[in-house]
Amino acid sequence: MLGVRQAAQRDKRLRFTALLHHVSVAQLRASYVALKREAAPGVDGVTWQSYQVDLERRLATRHERVHRGSYRALPSKRVYIPKASGGQRPIGIAALEDKIVQHAVSTVLTSVYEVDFLGFSYGFRPGRSQHDALDALWVGLMERRGNWVLDADIQGFFDTLDQEWLMRFVAHRIADPRVLRLVRKWLRAGALEGDLWAETPVGTPQGAVLSPLLANIYLHYVFDLWVHHWRTQEATGDVVVVRYADDIVMGFEHRADAERCLAAWHTRLAQFGLTLHPDKTRWLEFGRHAADARQHRGEGKPETFDFLGFTHYCGKFRSGRFLVRRQTMRTRLRRKLQAVKAELRRRRHDPVPEVGQWVRRVVLGHFTYYGVPGNNARLEQFRAAVMQLWYRALRRRGQRHPLPWARLGRVVARWIPSVRIVHPYPEVRFAVRHPR
């Protein structure tokens with residue numbers, strides 16, 4: 001894909017008329033290997049392991065059908081997962097062969113669009129993670145003159161984006177009719193819920209392999225290019241922008257800029273059938289002067305905002321200098337502990353070493369994501385809560401010999417790791433990633 005990327009970089013207005021030949025049998029094989037082994041099957045019931053039987057013949061057949069034009073996309077299987085704020089989030093699970101072809105096409109399209117996407121877009125892009133977005137936000141709020149934060153969420157983005165606008169945006173760069181036809185097939189494949197098929201005239205299913213890239217393309221034209229122009233041409237002070245998929249945080253030097261940007265943003269999104277979530281979108285006073293200004297007005301401590309699992313709040317270094325502090329969101333912590341409790345109950349009578357290995361993986365995974373400087377207290381809270389939940393589960397294994405605390409200490413020492421800070425300070429990693 002290097003040649004495609006180089007061509008896209010040389011000419012930002014180039015439209016690619018022949019891309020499908022890059023979806024080769026070798027690319028389909030690489031896409032199959034890249035898929036998650038334990039992912040739930042789609043409507044065809046085919047798993048990653050079962051597809052491996054006679055793999056080369058299957059891939060060759062799929063390749064031939066894609067290039068002949070006889071490929072037909074199956075509807076996605078609709079399931080629901082609980083949302084952090086309550087309610088259910090619909091997820092679309094594609095059939096395995098659809099996942100393979102989508103992944104291969106996504107790889108080709110990514111080579112084109114990665115040279116177009118702007119620097120403050122971090123969601124679902126190669127070489128960029130949630131912590132890169134968190135680092136960029138932290139550095140922006142610390143080093144730029146930010147006094148106000150606009151915390152925004154696009155309401156039902158994946159379920160309401162306009163497919164016709166999306167196809168127009170894709171066509172800005174892609175002129176291969178066969179690729180455009182494939183994308184439209186996936187958008188119109190519909191969803192199967194139980195035995196009922198439902199048409200999907202709007203949106204793109206969350207959980208589909210291609211959906212993150214399509215979402216980035218849509219927001220690139222609807223938001224990224226617009227806000228980049230707005231902050232360079234309309235803003236009167238510094239503006240910081242960080243976007244991770246449809247989760248967006250902006251920092252402003254002036255309150256008037258924040259108010260004008262929010263009003264203009266509402267108008268901009270309405271043109272493309274989108275709205276900002278009324279309960280999850282707000283601007284707040286935040287920054288090095290927020291605490292003093294609010295204290296002078298008798299309004300208490302500065303407000304906080306959540307982004308990618310962390311609550312951000314105003315703090316200070318020991319020297320008294322302003323510091324953006326971060327800690328695990330309470331809702332994320334509570335939900336994780338509820339899941340641990342349910343799984344420990346299910347594993348109550350399994351051998352202790354087997355459960356211990358699982359507990360160790362859970363705790364290490366939690367530390368791997370939330371182990372940022374300054375979050376020690378919440379990490380200790382999580383570790384202590386897991387230890388207490390496991391202790392209760394072990395005591396319920398039987399009534400004859402309840403587990404004493406002394407023995408629990410040996411179990412904890414063996415299986416539950418101590419709190420560890422995994423990530424460096426944001427400005428250190430940001431300086432390495434962006435040396436300029």
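Here is a friendly chat about strands and helices in this predicted model.

Reader: Hi! Let's begin with the open sheet of four strands. What order do they come in?
Author: Happy to help! The order is β2-β1-β4-β5, and the pairing in this open sheet is mixed.

Reader: Which strands are at the edges?
Author: Those are β2, covering 88-93, and β5, covering 196-198; each of them pairs on one side only.

Reader: And how are neighbouring strands of this sheet turned against each other?
Author: On average by 40°, with direction ignored.

Reader: Nice. Can we zoom in on β1 and β4? How many bridges join them, and do they run parallel or antiparallel?
Author: Two bridges link β1 (residues 76-82) with β4 (residues 191-193), and the two strands run parallel. As for a residue to look at, Lys-77 stands opposite Leu-192 in β4.

Reader: Switching to helices: at what angle do α8 and α9 pack?
Author: The angle is about 160°, and the axes lie 11 Å apart. Here α8 spans residues 163-171 and α9 spans residues 177-187.

Reader: So what does that make them, roughly parallel or roughly antiparallel?
Author: Angles over 145 degrees count as roughly antiparallel, and α8 and α9 are therefore roughly antiparallel to each other.

Reader: Is the crossing left-handed or right-handed?
Author: Right-handed, as α8 passes α9.

Reader: Which residues meet there?
Author: From α8 you have Gln-163, Glu-164, Leu-166, Met-167 and Val-170, and they meet Leu-180, Val-183, Arg-184 and Leu-187 in α9. By type, the residues of this contact split into six nonpolar, one polar and two charged.

Reader: Great, thanks! New topic: strand β3. Why is it described as largely enclosed?
Author: In β3 (residues 148-153), six of the six residues are buried, so the strand is largely enclosed by the rest of the structure.

Reader: Which residues are on each side of β3?
Author: Trp-148, Leu-150 and Ala-152 are on one side, while Val-149, Asp-151 and Asp-153 are on the other. These residues are all buried, so to speak of the faces, both are covered.

Reader: Good to know where the two Asp residues sit. How many bridges join β3 to β7?
Author: Six, with β3 and β7 (residues 247-252) running antiparallel. One pair to look up is Asp-151, whose bridge partner in β7 is Val-249.

Reader: What about β3 and β8?
Author: Those two pair in the antiparallel sense over four bridges, with β8 made up of residues 282-285. In that pairing, Trp-148 stands opposite Glu-285 in β8.

Reader: Lovely, thank you!
Author: Any time!

Notes. Residues are numbered from 1 along each chain as its sequence is written. This is a predicted model: local features need pLDDT of at least 70, side-chain atom pairs count only at pLDDT 80 or more; totals for chains, interfaces and linings use all residues. Side-chain values use heavy atoms; hydrogens and water are left out. Two strands pair if DSSP finds at least two bridges between them. Axes are lines fitted to C-alpha atoms, for helices over the stretch in contact, and angles run from 0 to 180 degrees between N-to-C directions. Angles under 35 degrees count as roughly parallel, over 145 as roughly antiparallel, 65 to 115 as roughly perpendicular and the rest as oblique. A crossing is left-handed if the near helix is turned anticlockwise from the far one by less than a right angle, and right-handed if clockwise. Contact means heavy atoms within 4.5 Å. Ala, Val, Leu, Ile, Met, Phe, Trp, Tyr, Cys and Pro count as nonpolar, Asp, Glu, Lys and Arg as charged, and the others, Gly among them, as polar. Buried means under 20% relative accessible area, exposed over 50%, partly exposed in between (1.4 Å probe, protein chains only).
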